[in-house]
Amino acid sequence: MIRFVFSVQDLARTRFAVSPMWEAVRSLVALRDPSTAALHLPWLRSLSGRLGGIALEPVVALVPPRGYIPDFVTPAPAGPLGRIDDDLAALRRTPVRQIRHDIELFRAEHPRSPISQAWLEHPRREIRRLADAVDAYWERALEPAWPRIQAFLDTDIAHHSRHLAQGGPAALFADLHPGVAWADDHLDVTSDREATIDLDGRGLVLIPSAFQLARTATADLDPWQPTLIYPARGIATLWEQGAPAPDGLARLLGATRAAVLADLDAPRSTTGIAERLAISRAGASHHLTTLRDAGLIVARRDGRTVLYVRTATGDALTAH
């Protein structure tokens, strides 16, 4: 069990973020062993023939299914929205002393791994190879799907942010994951290790993940702010197409516009709707504007993203 101890200041500084690098690294676990990631099979099938020529073996070797992964592989998010370019730049800037420190920890936990010696002898060369491989992998495997994944993670953040605003930390953490429990001034997280971490005014960063299946993960060593990574809610819906609209609604609004309305049972962006319904972004924007003008959905800004969700009238119309 890991216990995070909060002050009032820590509660005020607790925030959400998205980490593209974490998604990339965890997706490699699914790629290596699809039997552990049945929910991602539609995405895995889409990768057939697209990853040839990328030297992924050294990356995969640093990401065992269980146990310690060198902290430098997943740099702390530079901001709440997350950009893979920022993460890759941070990876390439990793100090040699941190590389060697993390690799020593990795070697102690995974003594049979054959890659540790190369990292200790040529850290700058290996970090360049790692960053180049992740960059190429991201471009082919995740960049085409990232708008869908990001919209999915944004929806999770919007959901939990409402719980925090309405009921405070008790409501937030009660709904976050079965492996976390809030009591008084601390958060207990099920883990393979024992630790008590006083947040000491730093707050806690909460990162939803599409590829962190079942278990939570934590980070608390510099340069990370204390962080909890948890599986985003509804992962089974990530690769689904939009919900079918009732026949009567489709006849009333038109098939596509009805499908847009039916899919807005949770907050989604224009890009997210376009991805989920396989329509153009311009088409999604037109339908969203029409539905908003009719009072069937509302829009709210979340950073640089506008999210749409049904109103009570939209819910009633869809239900019938």
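Okay, one definition before we start: a residue counts as exposed when its relative accessible area is over 50%, as buried when that figure is under 20%, and as partly exposed in between. Asp247 has a relative accessibility of 59%, so this residue counts as exposed. Keep in mind throughout that we're looking at a predicted model.

Let's stay with Asp247 for a second. Where does Asp247 lie? In helix 10, which covers residues 247–253. And if you want a feel for distances here, take Asp247 together with Ala90: these two are 157 residues apart in sequence, and their C-alpha atoms sit 51 Å apart in space.

Right, on to the sheets. I'll take two of them.

One is an open sheet of four strands in the order 3-4-1-5, and its pairing is mixed. The edges belong to strand 3 and strand 5; each has a single partner strand, so one side of each has no neighbour in the sheet. On average, and ignoring direction, neighbouring strands of this sheet are turned by 20° against each other.

Let's walk across it. Strand 3, residues 180–183, runs antiparallel to strand 4, and four bridges join the two. If you want to find that on screen, look for Trp182, whose bridge partner in strand 4 is Leu187. Strand 3 and strand 4 make a hairpin with two residues between the strands, and there Asp184 takes a positive phi near 55°. Over at strand 5 we get the parallel sense instead: strand 1, residues 2–5, pairs with strand 5 over four bridges. The landmark there is Ile2, with Ala195 as its bridge partner in strand 5.

Now the other sheet. This is also an open one of four strands, with mixed pairing, and the order is 2-6-8-7. Its edge strands are strand 2, residues 15–16, and strand 7, residues 217–219, each pairing on one side only. Strand 2 runs parallel to strand 6, which spans residues 205–209, and two bridges hold that pairing. To spot it, start from Arg15 and look for its bridge partner Val205 in strand 6.

What lies across this sheet's strand 2, strand 6 and strand 8? That's helix 9, residues 146–174, running at about 140° to strand 6. Strand 8, by the way, is residues 227–231.

Next up, charges. Side chains of opposite charge can pair when their charged atoms come close. How many salt bridges does this structure hold? The count is 13. I'll pick out a few.

Take Arg125 and Glu126, where the closest N and O atoms are 2.8 Å apart. Arg125 is partly exposed at 28% relative accessible area, while Glu126 comes in at 8% and is buried.

Then there's Arg193 with Asp220, and here the closest N and O atoms are 2.5 Å apart. This pair links distant parts of the chain, 27 residues apart: Arg193 is in the loop between strand 4 (186–189) and strand 5 (195–198), and Asp220 is in the loop between strand 7 and strand 8. Is each partner buried or partly exposed? Arg193 has 36% relative accessibility, so partly exposed, and Asp220 has 18%, so buried.

A further one brings together the side chains of Arg276 and Asp263, at 2.7 Å from N to O. Arg276 belongs to helix 12, residues 270–277, and Asp263 to helix 11, residues 255–263, so this salt bridge ties together parts 13 residues apart in sequence. Both partners are buried: Arg276 has a relative accessible area of 10%, and Asp263 has 1%. There's also a network, in which salt bridges with shared partners join Arg83, Asp85 and Asp86.

Last stop, the largest pocket. How much space lies in it? About 1,100 Å³. The lining of this pocket is made up of 40 residues, and the ones nearest its centre are Arg26, Gly67, Ile69, Thr216 and Ala217. Helix 2 (20–32), helix 6 (96–109) and strand 7 each supply at least two lining residues. Which of the elements gives the largest share? Helix 2 does, with six residues. And strand 7 ties us back to the sheets, as one of the edge strands of the 2-6-8-7 sheet.

That's my tour, thanks.

Conventions: Residues are numbered from 1 along each chain as its sequence is written. This is a predicted model: local features need pLDDT of at least 70, side-chain atom pairs count only at pLDDT 80 or more; totals for chains, interfaces and linings use all residues. Side-chain values use heavy atoms; hydrogens and water are left out. Two strands pair if DSSP finds at least two bridges between them. Contact means heavy atoms within 4.5 Å. Axes are lines fitted to C-alpha atoms, for helices over the stretch in contact, and angles run from 0 to 180 degrees between N-to-C directions. A salt bridge is a side-chain nitrogen of Lys or Arg within 4 Å of a carboxyl oxygen of Asp or Glu. Buried means under 20% relative accessible area, exposed over 50%, partly exposed in between (1.4 Å probe, protein chains only). On a 1 Å grid over the protein atoms alone, a cavity is a set of points where a 1.4 Å probe fits but cannot get out, and a pocket is an open set with protein on both sides within 12 Å along at least five of seven lines; lining residues have an atom within 4 Å of a point. Grid points are joined across faces, edges and corners, and a volume is the space filled by probe spheres set on the points.
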